[in-house]
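Grab a coffee and open the viewer: here are a few short exercises to work through. Try each one yourself before reading the solution.

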Amino acid sequence: MENTSLENQTKTKNPLYYINNVIEAVSSLDFYSMKDTIKQAIDARVPIIDIINKGILKGLEESGEMGLILAAEALQGEIISIDEEDRRRLYKARNYSGKVVVGTIEGDIHNLGKNILIALMKSYGMDIIDLGIDVKPEKFEEAARMPDVKVIGISYLLSSAEPFIKRAVSLLKKGDLANKVKVILGGAAASYEFTEQIKADAYAKDALEGFNLIDKWLRN
Ligand code: B12
């Protein structure tokens, strides 16, 4: 029988209820409920930006370093498997002009953060080209020359990847490309200081900050 109690009604209407379930599933590394709770939140039309930022990322924080290692693989399967069409239908796509290229730099295979950023951007209708992991600086340059590409997002979690980041940014900020694309850096090894030093356009401390900057660039 349908539960019509006041408590149940309030729960099903309150976005926090869904978000808390996501936090709980992710932080306790309950892989089976991760997908379900994320899907339920989407179906309840909780904004994906909140599901990711207040739910998934909060849960990851609470899961600790060991948890992160375990969650990295499991969780991204869930994020990617959320049907793209579904997300586009539920969240009103914004009007963007231009494409975003994203990749993890050469020597680095960490990809959970990059994929979370991509999931967020795709949900709001941005056109994304994912170059994957271990991407050579020259590959970013090649992609930047493609028609309509306006933003290059580079992810890195290893400090040892800094020389490759530096090379990528210098290729992207040279000649005609400098005016064509904006370069944004993110990932656990990225910093505001290094970004300033090598003259990339922006650094984002998390996916939400990155999304907001890119959103602004693609709408101008
Ligand atoms: C999971 C993990 C792994 C997994 C990766 C699985 C995967 N598919 O990604 C595995 C086990 C494979 C791994 C391997 C290694 N790892 Co590791 N790993 C981690 C760990 C625990 C979590 C990373 C993670 O997923 N975080 C969660 C995501 C959501 O956070 P995030 O990536 O920072 O992304 C957020 C933001 O930064 C932002 N963001 C990310 N990218 C971008 C890009 C743009 C453009 C923007 C705007 C935003 C943005 O958005 C995200 C959401 O807000 C970190 C420790 C840590 N606390 O970071 C170590 C860590 C990154 N690893 C580390 C190391 C050393 C390694 C290894 C070298 C270990 C080894 N000896 O083999 C290898 C390297 C392999 C390689 N060549 O890359 C070190 C790096 C140290 C350093 N400063 O150089 C860390 C910091 C651990 C430590 N404390 O020492 N690792």
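**Exercises around one strand and a ligand**

In β4, the bridge partner of G153 is I184. Keep in mind that this is a predicted model.

**Exercise 1.** Find the strands that pair with β4, and work out how they run.

*Solution.* Start with β3 (residues 149–155): it pairs with β4 in the parallel sense, over 5 bridges. Next, look at I184 again, which stands opposite A202 in β5. Strand β5 (residues 202–203) also runs parallel to β4, joined to it by 2 bridges. To get from β4 to β5, the chain passes through helix α10 (residues 192–197), and this β-α-β crossover is right-handed.

**Exercise 2.** Decide whether the two faces of β4 are covered or open.

*Solution.* In a regular strand, side chains alternate between the two faces of the sheet. So sort the residues by side: K182, I184 and G186 sit on one, V183 and L185 on the other. A residue counts as buried with 20 or more other C-beta atoms within 10 Å of its own. By that test, 5 of the 5 residues in β4 (182–186) are buried, and both faces are covered.

**Exercise 3.** Work out where the ligand lies relative to domain 1 and domain 2, and what surrounds it.

*Solution.* Of the 33 residues around the ligand, G113, G153, S155, G186 and G210 come nearest. Helix α4 supplies the largest share of the shell, 7 residues. By type, the shell splits into 17 nonpolar, 11 polar and 5 charged residues. Finally, domain 1 (6–90) and domain 2 (99–219) both contribute to the shell, so the ligand lies between them.

Note on methods
Residues numbered from 1 in each chain as written. Predicted model: local features only at pLDDT ≥ 70, side-chain atom pairs only at ≥ 80, totals over all residues. Buried ≥ 20, exposed ≤ 12 C-beta atoms within 10 Å, placed from the backbone. Helix = DSSP H or I, 4+ residues; strand = E, 2+ residues; numbered from the N terminus. Pairing = 2+ DSSP bridges. Right-handed = clockwise from strand over helix to strand, strands pointing away. Near = placed C-beta within 6 Å. Nonpolar A, V, L, I, M, F, W, Y, C, P; charged D, E, K, R; others polar. Domains from an automatic or database assignment.
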